[in-house]
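Subject: Handover of a structure, with findings

Dear colleague,

Please find below the structure that I am handing over to you. My findings follow it, arranged by topic so that you can read them alongside the model.

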Amino acid sequence: MFSFLSVLRVIGAAPLVVAVDVDGVVHPVTVEIVSGAIEQAREQGAEIVLVRINTPGGLMTAMRETIEKMMASPVPVVTYVTPSGGRAASAGFFLLEAGDVAAMAPGTNTGAAHPVMLGGGEMDAVTKQKVENDAAAYLRSLVTRRGRNTELAEKAVLESKSFTEKEALDGKLIELVARDQAALLESLHGREVEHIEGTKVTLNLENARVVEYEKSLRQRILSAVSDPNIALLLLVLGALGVYIEFSSPGLILPGVAGAILALLGLAAISVLPINWMGAALLVLALALFVLEAKFASGGILGAGGALAMILGAVLLIDSPLPEMRIRLITAIALTLPFAILTVFLLTLALKARAAKVTTGSDGMIDQVGVTLTALDPLGRVFVHGEYWSAEADRTVPEGARVRVVGIDGLQLKVEPVSGEGGEKI
């Protein structure tokens, strides 16, 4: 019993490490996640916040906001590029350098932090120089504060240089190379870190207990659907579900599921940079699908809608990073079935709207029935599976075929079927 309690005390007294992953594109959700981890570390009295990085880069605004949170953290922040084969490219390089201690795993790389215009377009010379100098100055402020190699760090921005973990260590861009997380914590134990406002902290990480940051439900959902390709899929399926519900009211399930999927897709798209030309092309595609179903164009309008939808999907996300753009194969795979199904459903809906009414009072006109009694001029007839009182403008014998030409309240107006002269059948 004593031994068990001793173990509990040791566990309870063990230093705490809050770990959080930046393992995808850097976007506004990244700011929330890192900020949440820092707040959790502060509340729980953690020794450090461990930010594990594996990213191709991301949005400059989101990167700067994330770094602001890291720099203002009351708990020392350690940045670590992991696992082997991972990278901290572009915006990830800035995040790596923002750590109080920067480390990398063997087989990782970092750098290539040259700023790129959204949409992949070319900047004019003056704008290009301004953006480069601004990014370089921002990086210098990070690296200088941490006592690292500013000259080499600037090459990542101005020359798009990349570095292996060994090159980064030898060039004094990072402090440690650690094979895994356990080795990293062991290397950090007893290390003195100059933290916020120049204060120095000696890290105590002996037998440290690592706690993973628990993302909120919103963060988990947005992280899961933040891939633009998944977001587009959700939008397409959602739009299809909502349309099916409107075209066939009362099914309920397609409408509910479609609304949920569409909202999830919009939520995911909302945190990404939107190219409004791509959005306009998607709207044009829907308009062309509607026109294809309404007018006989020989498929020209439908083909134009499919092409507009593919181009709109590819251009929808305004980012130079391939990981943040919608792939062409995804756009084609979603567009073609959607175009075919949408045109088909629209055609059915328009045909149904133009078809002759077959229910209610209007649906009785031109229906053919049989007289149950002679009409002279009043009598009874059997029409459309129902018994009706009827009136004719001339005498019609019992058992004759008659056609409905009008309806007055609950009484039909009929005439003998043309060519039969009101003869019996």
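I begin with a single residue: valine 20 counts as buried, because its relative accessibility is 4%, under the 20% that marks a buried residue. Please note that the model is a predicted one. Valine 20 belongs to strand β1, which covers residues 16–22. Leaving out residues up to four places away in sequence, valine 20 touches Ile33, Ala37, Val49, Leu50, Val51, Arg52 and Tyr213. Serine 35 stands 15 residues from valine 20 along the chain, and the C-alpha atoms of the two are 10.0 Å apart.

The chain as a whole

The chain has 425 residues, of which 43% are buried. Its secondary structure consists of 14 helices and 16 strands. Among contacts with a separation of 6 or more, 64% are between residues 24 or more positions apart. About 21600 Å² of the chain is exposed, and carbon and sulfur atoms supply 60% of that area.

Confidence in the model

The mean pLDDT is 83, with 86% of the residues at 70 or more. Over residues 1–10, however, the pLDDT is below 50, and this stretch has 0 contacts beyond near neighbours in sequence. Residues 421–425 also have a pLDDT under 50, but for them the model has 14 contacts beyond four places in sequence. Where pLDDT is low, the predicted coordinates should not be read in detail.

The nonpolar interior

In soluble globular proteins, nonpolar side chains tend to be buried together. Here the largest nonpolar core holds 51 residues, and those touching the most other members are Val49, Met63, Ile67, Phe94 and Leu95. Helix α2, residues 28–44, gives the most to this core, with 7 residues. Apart from it lies another core of 28 residues, including Leu240, Leu316, Ala331 and Phe338.

Which residues does phenylalanine 94 contact, leaving aside its neighbours within four places in sequence? They are Met63, Ile67, Ala113, Ala135, Tyr138, Leu139, Leu142 and Val157. Phe94 is itself one of the buried residues of helix α4, together with Ala91, Gly92, Phe93, Leu95, Leu96, Glu97 and Ala98. Helix α4 spans residues 91–98 and is largely enclosed by the rest of the structure, because 8 of its 8 residues are buried.

Salt bridges

The count of salt bridges comes to 11. One of them joins arginine 218 to glutamate 32, with 2.6 Å between the closest N and O atoms. Arginine 218 lies in helix α9 (residues 217–225) and glutamate 32 in helix α2, so this pair ties together parts that are 186 residues apart in sequence. Both partners are partly exposed: arginine 218 has a relative accessible area of 45%, and glutamate 32 has a relative accessibility of 32%.

A second salt bridge links glutamate 175 and arginine 148, whose closest N and O atoms are 2.8 Å apart. Glutamate 175 is in the loop between α7 (165–170) and β8 (176–177), while arginine 148 is in the loop between α5 (125–145) and α6 (150–158); the pair therefore ties together parts 27 residues apart in sequence. Arginine 148 is buried, at a relative accessible area of 6%.

Aspartate 170 and lysine 166 form a further salt bridge, at 2.9 Å from N to O. These two residues are separated by about one helical turn, because they are 4 residues apart in helix α7. Aspartate 170 and lysine 166 are both exposed. There is also a network in which salt bridges with shared partners join Asp21, Arg52 and Glu212.

A nonpolar patch on the surface

Met277, Leu307, Leu311 and Leu315 make a nonpolar surface patch of about 380 Å². Helix α13, residues 300–315, contributes the largest share of the patch, with 3 residues. Leucine 311 lies in this helix, and it counts as partly exposed because its relative accessibility is 41%.

Yours sincerely

Note on methods:
Residues are numbered from 1 along each chain as its sequence is written. This is a predicted model: local features need pLDDT of at least 70, side-chain atom pairs count only at pLDDT 80 or more; totals for chains, interfaces and linings use all residues. Side-chain values use heavy atoms; hydrogens and water are left out. Patches are made of residues with over 30% relative accessible area and no salt bridge: like charges are joined within 9 Å, nonpolar side chains (Val, Leu, Ile, Met, Phe, Trp, Tyr) within 5 Å. Accessible areas come from the Shrake-Rupley method with a 1.4 Å probe; for residues, only the protein chains shown count as cover. A salt bridge is a side-chain nitrogen of Lys or Arg within 4 Å of a carboxyl oxygen of Asp or Glu. Buried means under 20% relative accessible area, exposed over 50%, partly exposed in between (1.4 Å probe, protein chains only). pLDDT is the predictor's confidence in each residue, from 0 to 100. Contact means heavy atoms within 4.5 Å. A nonpolar core is a set of buried Ala, Val, Leu, Ile, Met, Phe, Trp, Tyr and Cys residues joined through side-chain atoms within 4.5 Å.
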